[in-house]
Structure formats: C-alpha cells, structure tokens
Amino acid sequence: MKKDLINKKFLVIFLRSFFIQAVWNFKSMLSIGWTFSLSPIAKKLYTNEKQYQDFLIRHLSFFNAHPYFASFALGAIARLEEDMADEEKNDREQIEKFKNAIIGPLGAIGDQLFWAIIKPSSIMVGFLGVLIFPESSQKLIFLCILLILYNIPHFYMRYSGIVRGYSERLSIYRKLCIENFSGWRRVYSIIGALGFSIVVAYLIHQSIQHDLIEVPVFGMSFGVAYFLRSRRRMTYLPVFIPLLIAIVIGILI
Amino acid sequence: MGLIPLCLIGAVVSLDTFAIFQVLISQPIVACTLIGWLSNDPMTGIQIGLLMQLIWISTLPVGAVTIPDGNLGAIIATIIAVNTVGIVPDYKSLVILFAIIFGLLMSFVGAHALNTVRTGNVYILNQLLNRVEAMKLNQVGKAISYSLTFNFIILFAMILSSTLIGISMIEAILVNNVESWIQYTRYADIAIFGSGAGLTFTLVKGYKPKIIIAVLILIVLSLMLWI
C-alpha cells in the first residue's frame with residue numbers, strides 16, 4: 001500500500017466536505033457525504049476492489065457531526081485509514097470506536113460555537129448595516145461583510161480541522177473541548193452583543209421619531225416573544241401573538 | 001426576471017440551508033436581497049429580508065432536530081411580494097405583510113418537505129449499499145447527485161406552488177377594505193421587529209449576568225447617543 005496522503009489531498013477532502021450533508025438521512029445521517037469526502041484517499045490507498053468495498057461498507061454505516069467540525073474527524077480517519085493500509089493491519093474496530101466517540105464532542109462544540117454564536121453575530125453585523133445605511137451600495141457592502149465574517153471561521157475550521165485531525169490522529173479527541181475555541185467565542189460574542197444592542201437602540205429610536213405608540217408595541221412584542229421562547233415555544237406563537245396584539249392596537253387607536 | 005427563473009434560483013439558494021455549502025447565502029437578509037435585486041426591486045427584498053431575519057436567528061438546527069425552514073419561507077415571501085407589489089403599488093406595505101405571514105406559514109411546510117427529502121435519502125442510501133454489495137463501487141458521487149436533484153425538485157415545486165397560491169390569495173384579499181387594513185396593520189412591522197429582537201435575546205439567556213447587563217447598558221448608551 002502506498003502512503004500518498006499529501007497536502008493536495010487535504011484540499012480534495014476540504015472541497016468535498018462542502019457536500020457532507022447532501023444526503024443527510026434518518027438512518028445513517030452524514031455517512032454518504034462523509035464517505036464521499038474520504039473516497040479519493042481510499043481509492044489511492046486501496047487498489048484492491050475488496051479492500052475498497054470494505055472501506056465503503058465501513059464508512060457508509062453511520063456518522064453524524066456538526067458539518068464544519070466533521071473535518072476534524074475526516075482528517076483523523078484519513079490518517080488512521082492510511083496507517084491501516086500502510087501497516088497492512090486491521091484497525092477496523094479502532095476506527096469504529098473513534099468515530100462513535102467523537103460524534104458527541106463534534107456536534108456539541110460545532111452547535112455551540114457556530115449555530116449559537118458565530119452565525120447570529122455575523123448576521124447581526126450585516127443586519128445592522130442593512131438597517132441603518134440608506135444607500136443600496138452601503139447595504140450591499142454590509143451583506144458582503146456578513147458573509148466574510150461568517151465564512152472566515154467557517155472555512156478555517158473546515159480546512160484546519162482536516163490538517164489537525166490528520167496530524168493528531170486519535171488524540172484529536174482530547175483537543176475537542178469548547179475551551180480550546182474560546183478566542184473565537186469571545187470575539188464573536190462581543191461582536192454579536194454590540195450589533196444586537198445597536199440594532200435594538202436604532203429600532204427604538206426610529207419608533208420614537210415615527211410614532212410614540214410604536215415604542216410600547218416594540219417593548220410588548222420583545223417581551224412576549226422572549227417569554228414564550230423561554231418557555232420553549234416554537235417561533236410561530238412568539239411572532240403571531242405580538243402581531244395580533246399590534247393589529248388590535250391598530251384597530252383600537 | 002420571470003416567476004419560473006426566480007423560483008429556480010430560490011430553490012438553488014435554498015439548498016445552502018441544509019444540503020450543501022452552508023455559507024449563509026440562504027439567510028433571509030442575503031437571499032431576499034438577491035431575489036429583490038434580480039427582480040429589479042431590491043428595496044422590497046431588503047425590507048422582507050430585514051423583517052424575517054431576526055425571527056429566525058435564534059432557531060438553531062441542533063443535532064438531528066427538524067426546525068421550521070425560515071429561509072425557504074423568506075424566499076417564498078419575497079417572490080410573492082415582488083410579483084404582487086407591481087400590481088398594487090399603493091398597497092406595498094400590506095402586500096409585504098401578507099407575504100411575510102404566508103412565508104411564515106410556508107416555513108412550517110418547508111420543515112415537512114425537508115423530512116420528505118431526508119426520508120427519500122434513506123432510499124438512496126439503501127440503493128447505494130445494495131450496489132456496493134454487488135461490487136459497483138463508484139456510486140457515492142452519483143448518490144449525492146441523485147439526492148441533490150431530488151432535493152432541488154422538491155424545493156422548486158414547493159416554491160413555485162406556494163408562490164402561485166400566495167399571489168392568488170393576496171390578490172383576493174386586496175379587493176375589499178384595503179384602506180382600513182393599511183390602517184389596522186400600521187404597527188405590524190414594529191411588532192415583527194420586536195418579536196425578532198425578543199427571540200434573538202433568548203440567545204444570551206445562558207450567558208453570565210454581567211454580559212446581559214452589558215448588552216442592556218449598550219442599548220441605553222446607543223439610544224442616548226442617537227437622541
């Protein structure tokens with residue numbers, strides 16, 4: 001077996017990882033996209049058809065993770081597959097155990113970091129610019145800033161995850177805790193908090209200038225939505241109840 | 001741009017939400033602006049994008065949970081609005097409001113459409129496993145293209161059908177008492193913004209109290225600076 005995993009292979013995994021959720025399903029979740037990302041490496045490693053078939057069966061079974069953080073596992077598994085092919089030993093059980101163990105941390109950190117912090121914070125900056133600036137060109141610039149702010153950590157995590165996973169192998173598991181990403185978390189939390197504060201202040205200010213009744217309507221909607229969502233209601237009630245109250249106010253006043 | 005090309009673009013952009021890339025181009029503020037711009041009505045797109053964006057920021061696709069497809073709803077709302085505002089330009093604010101309400105309802109249907117796609121993907125997985133068993137080993141890429149095509153067709157069909165239904169509904173609603181409705185719904189925009197801000201604020205609920213206090217102080221300071 002040839003050890004032929006070089007940097008351009010990282011790029012291939014990186015590009016293919018954008019399709020990792022393409023065939024997300026209720027049975028094996030990410031497994032098809034995951035296998036698609038790893039298959040160019042496996043084709044190099046396993047020239048024997050039976051071995052390549054074993055590889056496909058091994059990886060099509062089940063896998064789930066945050067789509068960006070799956071890169072850490074992709075890198076590590078690429079290295080483990082390479083080692084297994086190189087040393088001609090059967091580490092199938094070890095690969096299975098590693099994949100099962102890493103699902104939880106990858107999902108938890110990715111959800112906390114990207115869905116709960118980086119995504120809303122980046123959107124908030126774009127939202128603020130589009131809301132405040134009057135010219136279309138200025139709004140467009142802020143939409144570009146939104147996409148850049150979000151995709152810098154996104155692309156970085158996808159690529160560096162592969163490289164780090166590859167170099168750390170099984171020990172990448174120990175590096176996957178939210179504290180190791182506290183820099184990103186802190187910076188984007190501050191950006192998000194600032195953006196949100198200015199957006200709310202701007203909306204209140206606009207309400208004061210436009211029609212004073214809008215201020216209590218804004219406050220009521222804010223409070224009702226916050227209260228209902230805190231009680232785990234879906235998005236619909238927190239939006240439709242304030243909307244109905246606003247229409248009733250519109251009829252009465 | 002015509003309705004069909006807009007729906008096709010809407011379906012392609014919607015794939016970014018769950019299936020491929022996930023670079024945020026499907027977020028309402030980006031997607032609605034893009035659709036508005038392609039329809040020569042960027043301001044309507046921007047307005048709908050702003051109104052619908054805050055509502056969905058706090059909806060997190062954590063784990064394998066199926067959530068309302070707010071991005072799809074926003075795209076449908078924008079296509080409806082840009083195709084209806086031209087017919088009744090005097091009632092633009094009302095058209096946008098109805099389109100947003102319809103888009104919100106469609107986000108619920110969108111979640112079920114996503115479940116249909118994911119159930120269809122189980123069939124694609126089973127077919128793929130059968131082929132691998134039969135030593136047909138170059139089928140993974142094909143499985144991805146089949147799934148994306150299936151996903152795209154579902155999205156396109158949903159966007160097109162719901163847009164046609166939405167346009168007819170709005171045209172029917174805008175026949176009677178339009179002036180009264182404009183008066184009644186004059187606080188609707190600020191209520192949607194308020195709800196969106198309240199929903200977004202739930203994201204900081206788990207933060208330390210000093211961060212929540214800092215956010216509140218920042219709001220007051222920004223407000224004082226403006227006033």
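Chain A of this predicted model is built from 10 helices and has zero strands. Read from the N terminus on, then, the elements simply go α-α-α-α-α-α-α-α-α-α. The predictor is fairly upbeat about the chain: pLDDT averages 93 in chain A, and 97% of the residues reach at least 70. The weak spot sits right at the start, where residues 1–5 of chain A stay under 50. The model still gives that stretch 16 contacts beyond four places in sequence. Where pLDDT is low, though, the predicted coordinates should not be read in detail.

As for overall shape, the C-alpha trace of chain A spans about 80 × 35 × 30 Å along its principal axes. The radius of gyration of chain A comes out at 24 Å, whereas a compact globule of 253 residues would have one near 18 Å.

Chain A does not stand alone, and much of the story here is about its partner, chain B. Between the two chains, 88 residues of chain A are in contact with 83 residues of chain B. Together the chains bury about 7,700 Å², and 76% of that lies on carbon and sulfur atoms. On the chain A side, the residues that lose the most area to chain B are F26(A), F127(A) and Y236(A), which together make up 8% of what that side buries.

What holds polar groups across this interface? The rule finds 21 residue pairs in polar contact between chain A and chain B, counting pairs with both residues at pLDDT 80 or more. Salt bridges are another matter, with zero found across the interface.

Several helices feed the side of chain A that touches chain B. Those giving two or more residues are α2 (31–45), α3 (49–60), α5 (92–132), α6 (136–168), α8 (182–210), α9 (214–230) and α10 (236–252) of chain A. The largest share, 14 residues, comes from α8(A). Sorted by class, this side of chain A has 58 nonpolar, 19 polar and 11 charged residues.

Salt bridges do turn up elsewhere: a search of the whole structure finds seven over all chains. One example pairs E82(A) with R79(A), whose closest N and O atoms are 3.9 Å apart. Both E82(A) and R79(A) belong to helix α4 (residues 70–87) of chain A, where they lie three residues apart, about one turn of the helix.

Note on methods. Residues are numbered from 1 along each chain as its sequence is written. Chains are lettered from A and ligands numbered from 1 in the order in which they are written. This is a predicted model: local features need pLDDT of at least 70, side-chain atom pairs count only at pLDDT 80 or more; totals for chains, interfaces and linings use all residues. Side-chain values use heavy atoms; hydrogens and water are left out. Contact means heavy atoms within 4.5 Å. Buried area is the accessible area (1.4 Å probe) that two parts lose on being put together, summed over both. A salt bridge is a side-chain nitrogen of Lys or Arg within 4 Å of a carboxyl oxygen of Asp or Glu. A polar contact is a pair of N or O atoms within 3.5 Å; within protein, one must be able to donate a hydrogen and the other to accept it, and residues adjacent in sequence count only if both atoms are side-chain atoms. Helices (H or I, at least four residues) and strands (E, at least two) are DSSP runs, numbered from the N terminus. Ala, Val, Leu, Ile, Met, Phe, Trp, Tyr, Cys and Pro count as nonpolar, Asp, Glu, Lys and Arg as charged, and the others, Gly among them, as polar. pLDDT is the predictor's confidence in each residue, from 0 to 100. The radius of gyration is taken over C-alpha atoms; the globule rule is 2.2 Å times the number of residues to the power 0.38.
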